[in-house]
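Thanks for sharing this one with me. Please have the sequence and the 3D view open while you read my notes.

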Amino acid sequence: MPDLPIYRPALAGKAALGGETIRLEALPEGHLLHVMGAATTEEIKAHLLGTGLKASSVRPAGYRQWFVAGNDRLSAMHLRALTEALAGRAFISDQSHGRIRIRVSGLNAAQVLNKGTAVDLHPSAFPEGSTAMTLFGHISMQLTRTGADDFELTVLRSFAESLHEELEALAVAHGAEHLAS
């Protein structure tokens, strides 16, 4: 019996699904930082560039709250540099271990997501770059539109498998099949 828990990605073994109009895939378990404070989105973006985190994105997550997400794991040096850059303006809580990101993309992505969320996903109401804290069925998540037909769902780790299974069933109903990994 091991003394320490063994790290295993939350959606390990879940193959991507794809079809002509829909694709579902788990994103890499990179980094996800919860930023809270009096900073602004532009200020956080500027500090990301200044600390060498150019590939990270900033997403509003409520009043004076943001998520900073990216596909790569953060080094302690990058996390410390960002924390020091925002000192006095905002606090950072590393949520990388506790939240999972899932991508739903394709021409029918909005149609699939409309089966579980009440957010109006029409591009005029929820354009690219928009984000909302919402529910998919009974699972709380952050929904972000990352492209015309691309969405990213951020969910608590303990709900990731359940959400992925619900999305799998919906994607299969739209003609998706498991893709070889």
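Below are some numbered points on the cavity and the nonpolar cores.

1. Please keep in mind that this is a predicted model. Rolling a probe the size of a water molecule over the atoms shows where empty space is left. A search of the whole structure turns up 1 cavity of 30 Å³ or more, and the volume of the largest cavity is about 60 Å³.

2. Which residues line the largest cavity? Try finding Leu27, Pro28, Glu29, Gly30, His31 and Leu32 in your viewer, then add Ser96, Arg99, Ile100 and Arg101. Sorted by class, this lining has 4 nonpolar, 3 polar and 3 charged residues.

3. Next, look at the strands around the cavity. At least two lining residues come from each of β3 (31-37) and β7 (99-105). The largest share, 3 residues, is supplied by β7.

4. Now for the largest nonpolar core, which has 28 residues. The members that touch the most others are Leu113, Leu143, Phe151, Leu153, Leu163 and Leu167. At least two residues of this core come from each of β7, α3 (109-113), β8 (131-136), β9 (139-147), β10 (150-156) and α4 (157-173). So β7 is a nice place to pause: β7 supplies residues to this core and to the lining of the largest cavity, by the DSSP numbering of strands.

5. Leu163 is a good residue to click on. Leaving out residues up to four places away in sequence, Leu163 touches Ile102, Phe136, Ile139, Met141, Leu153 and Val155.

6. Finally, apart from the largest core lies another one, of 12 residues. Leu33, Trp66, Val68 and Leu86 are among them.

Terms used
Residues numbered from 1 in each chain as written. Predicted model: local features only at pLDDT ≥ 70, side-chain atom pairs only at ≥ 80, totals over all residues. Heavy atoms only, no water. 1 Å grid on protein atoms, 1.4 Å probe; cavity = no way out; pocket = protein on both sides within 12 Å on 5 of 7 lines; lining within 4 Å. Points joined across faces, edges and corners; volume = space filled by probe spheres on them. Helix = DSSP H or I, 4+ residues; strand = E, 2+ residues; numbered from the N terminus. Nonpolar A, V, L, I, M, F, W, Y, C, P; charged D, E, K, R; others polar. Core = buried A, V, L, I, M, F, W, Y, C linked by side-chain atoms within 4.5 Å. Buried < 20%, exposed > 50% of the residue type's maximum accessible area, 1.4 Å probe, protein only. Contact = heavy atoms within 4.5 Å.
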